[in-house]
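Visitor: I have a new structure open and no idea where to begin. Can you walk me through it?
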Amino acid sequence: MKQYNVTGMSCAACVARVEKAVGKVEGVESCAVSLLTNSMGVEGNADPAAVIAAVEGAGYGASVKGEAKKSASGDMSEDAALLEDHETPALRRRLIASLGFLAALMYLSMGHMMLGWPLPAFLDGNMIAQGIVQMLLSGIVMVVNQAFFISGAKSFFGGAPNMDTLVALGSFASFAYSVVALLAMTGVSGDMAAMMAYHEDFYFESAAMILALITVGKMLEARSKGKTTDALKGLMQLAPRTATVISDGAETTIPASEIALGEIFVVRPGEQIPVDGVVLEGAGAVNEAALTGESLPVDKAAGDNVSSATMNQSGFLKCRATRVGEDTTLAQIIRLVESAAATKAPIAKLADRVSGVFVPIVIVLAVATALVWLALGAETGFAVARGVSVLVISCPCALGLATPVAIMAGSGVGAKNGILFKTAAALELLGRTEIVALDKTGTITRGEPDVTGIYPAADVAEDELLRVALALEAKSEHPLSRAILRYAEARGFSPEATENFEAIPGRGLAATMDGQDVLGGSRDFIAEKTTLGETLSEKADALAREGKTPLFFARDGKALGLIAVADVIKEDSRHAVEDLRSMGVRTVMLTGDNERTARAVGSEAGVDDVIAGVLPDGKESVIRELQEKGKTAMVGDGVNDAPALTRADVGVAIGAGADVAVDAADVVLMKSRLTDAAAAIRLSRATLKNIKENLFWAFFYNLIGIPLAAGVFIPFTGWKLTPMFGAAAMSLSSFCVVTNALRLNFFKLYGEERYNGTKEEQKKEVRTMEKSMKIEGMTCGHCEMRVKKALEAIPEVAEAKVSHESGTAVVALNAEVDAGKLKEAVEAQDYKVLSVQ
């Protein structure tokens, strides 16, 4: 989709006109214009010059978005400038000037005539002079607000009248009729009764009041619209401006936009990471809240990836740039939010169709209203007032804003919480989801095996079993070996030396350790060398039924025990599934695993259905079958999930997954947390509800307001609406729609009971206790990481913030802990604790 900036639009009719003009350009497949962000998305292979010419031919300005900027990391001034609220200050100046002259006009027309307030001698008793002064004051207000007349006339004569046309016609009709009454008054000079009758036909104050009230409404609307784009503007402001690169062995500070792919840059504590990269040297804690919404810093070391706009809170990082310019993570997020705003939700189509013909119909209704009242014998002034009221109360803006303001607000809330919607349609459709298909590996489970239990033989110590297993697995490349390696290292074990190591494909490992033969591998492999015993065999069968893989170990012909390894489910998976089910969504797990393993994982996760043995190319056909039973969303992270993500009504990608999965999806979960899938559906439903509320208000307002302004209720109830009250109601309608959309900013994305099962998430809870430690001996970021890791291994510690520069550690506690325990943990890492307070 090609993105364009569009200027000069004021209401939904403008949007319809631009879309109609661009839709006629050769090569344009579809076009969506956003009044909220002054942007346009065009699908197809149309020549940008032809698209711009079509927009300009319709009376508006256009330019290709992004052609003036080099980098999303260094210069986002073009987009940011377009989203800046330039409208409110200009409208405020117009309003202040309008109110000044309007106050004088109201004093003359209402204060003197109705309340008897005094006038200067040259006006007192001279009705013609009073009429001339009223005409001049009203004319000045019209000149101050000439933008309505210029835009309205241009649109009217261009064949596509808009909201400004209605305002201009209403104000001009009131003014023109009043001028005619003033001229007629001069013809009956001296006849006080006749002059008073003509004076009552003056609507100069209505002409000025209409403009002033509409300006008030537009200013409030502009201010509120500006708030709906705060999330997007906030993302743009995150872009780092400078970077420190290493050139010819020396550090040089350059604009972040000038970093080249593969260039080496360094980041010190308190600095932003300028572009996406990979850590080459150093270690640090990086706050990624700007991109993921996660407030806790993430530890980074050599080999880890870092993203632009994140903040290095501690440690020194030396990195190589892997993504620069518009390829950075931040730039992609901004592009996704912009795309969502520039597209249209299906629910908006009805409002678009109505908006396209709304203004011409209103003009016809206004003329018809005046003629009908004249035909019924009403006075000319009364009939004109009814027609003007119809013009100024009708509001195409409320219709046009009903959907985009809610979409922008919903997308912004999602972006701040690490949930990115690529299109408005995705934001709407996700809320209609009835079935969620969940890929197992990497989505429900962690995607890598972990040790789930150690079961030594009767006369074998657990540490002895783990020591032999680690010595064997340390030289293996198998994923299950890495699980044992991680587990053992976390418990402080180091691999011991082995000789004659041999990996037997599909069976196991063999080696010599301390002069003894050691073996590790499958049950069949070990059973050939030794007797396993009934207890170990039964335990292995039980583990297999749970979907876990038992690895047996033996030494010198004697079974030492087994270690269970499995791809365990994520801590939040069960809570996420429960959350989905509580919203009435059916959950289905897809996996290529065998039926037994799949059932075990599915039962643990709590899903409704399990479909096992699905080959990578078979997921897409399964999604087809599920779609026959209801709207289906697919949640996955792997390359083999891409076809299914594309086939589903809505594809949801786990952000840490493969790039191709993220590209194929409609929604991206940046935090790679399954609970965000449920949160995304909840947000989508809230946004959809908000859109429906806005559309109801917009249609209901016009459905009641237009007949009321036309005087339909006068014969029955006596209800009558003056042009001034009509203008006030028009202003209020748009303001109400935008304000209602802003309520989404306070929406509870995770419901009343957000999952807090993991230690990382528990750190976000309110801490009631803190202890400060003074530590001696820390010299670098690596020291910080060692101390931090040691402290956070203590169960009572929620979080430890360590600084080698100040030699301190601030420890947040979730329960009381002895100071000696904290001191012991730090000093075990060879650092000296001076004090604990």
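**The cores and what surrounds them**

Guide: The largest nonpolar core holds 76 residues, and those with the most contacts inside it are Met9, Val22, Met40, Val51, Leu430, Ile444 and Val667. A nonpolar core here is a set of buried Ala, Val, Leu, Ile, Met, Phe, Trp, Tyr and Cys residues joined through side-chain atoms within 4.5 Å. The largest share of this core, 9 residues, comes from helix α28. A second, separate core has 38 residues, including Ile526, Leu543, Ile563 and Val565.

Visitor: Where do these numbers come from?

Guide: The model is predicted, so local features need pLDDT of at least 70 and side-chain atom pairs count only at pLDDT 80 or more, while totals for chains, interfaces and linings use all residues. Residues are numbered from 1 along each chain as its sequence is written, and side-chain values use heavy atoms, with hydrogens and water left out.

Visitor: What does Val22 touch?

Guide: Not counting residues up to four places away in sequence, Val22 touches Val28, Cys31, Met40, Val42, Val51, Ala54 and Val55. Touching, or contact, means heavy atoms within 4.5 Å.

Visitor: Cys31 is on that list. Is Cys31 buried or exposed?

Guide: Cys31 is buried, because its relative accessible area is 19%. The cut-offs are under 20% for buried, over 50% for exposed, and partly exposed in between, with a 1.4 Å probe and protein chains only. Cys736 has 30% and is therefore partly exposed.

Visitor: How many disulfides are there?

Guide: The count is 0 disulfides, where a disulfide is a pair of cysteine sulfur atoms within 2.5 Å.

Visitor: Back to the start of the chain. Why is strand β2 called largely enclosed?

Guide: Strand β2 covers residues 28-34, and 5 of its 7 residues are buried, so the rest of the structure largely encloses it. Strand β2 is joined to strand β3 (residues 39-44) by 6 bridges, and the two run antiparallel. Ala32 stands opposite Gly41 in β3. Two strands pair if DSSP finds at least two bridges between them.

Visitor: And the whole protein, how many helices and strands?

Guide: There are 33 helices and 28 strands. Both are DSSP runs numbered from the N terminus: helices are H or I with at least four residues, strands are E with at least two. Of the 837 residues, 54% are buried. Among contacts between residues at least 6 apart in sequence, 70% join residues at least 24 apart.

Visitor: What about the surface?

Guide: The protein exposes about 35500 Å², and carbon and sulfur atoms supply 56% of that. Such areas come from the Shrake-Rupley method with a 1.4 Å probe; for residues, only the protein chains shown count as cover.

Visitor: Which strands pair with β11?

Guide: Strand β7 (residues 264-267) is joined to β11 (residues 311-323) by 4 bridges, running antiparallel. Strand β8 (residues 276-287) also pairs with β11 in the antiparallel sense, over 11 bridges. Phe265 has Cys319 as its bridge partner in β11, and Ala283 has Phe316.

Visitor: Anything else in β11?

Guide: Ser314 lies in this strand, β11. Ser314 is buried, because its relative accessible area is 11%. Its side chain makes a polar contact of 3.1 Å with the side chain of Glu784. A polar contact is a pair of N or O atoms within 3.5 Å; within protein, one must be able to donate a hydrogen and the other to accept it, and residues adjacent in sequence count only if both atoms are side-chain atoms. Beyond four places in sequence, the contacts of Ser314 include Pro269, Gly284 and Val802.

Visitor: Which side chain does Thr512 meet in a polar contact?

Guide: That of Asn500, at 3.4 Å. Thr512 is in strand β16 (residues 508-513) and is buried, with a relative accessible area of 15%.

Visitor: Now Ala605. Where is Ala605 found?

Guide: Ala605 is in helix α24 (residues 595-605). Its relative accessible area is 0%, so Ala605 is buried. Leaving out residues up to four places away in sequence, Ala605 touches Ile444, Ile569, Ser573, Arg574 and Val577. Ile444 is also among the residues with the most contacts inside the largest core.

Visitor: And Ala710?

Guide: Ala710 is in helix α28 (residues 675-710), and at 12% relative accessibility Ala710 counts as buried. Outside its neighbours within four places in sequence, Ala710 is in contact with Thr369, Trp373, Arg386 and Val390.
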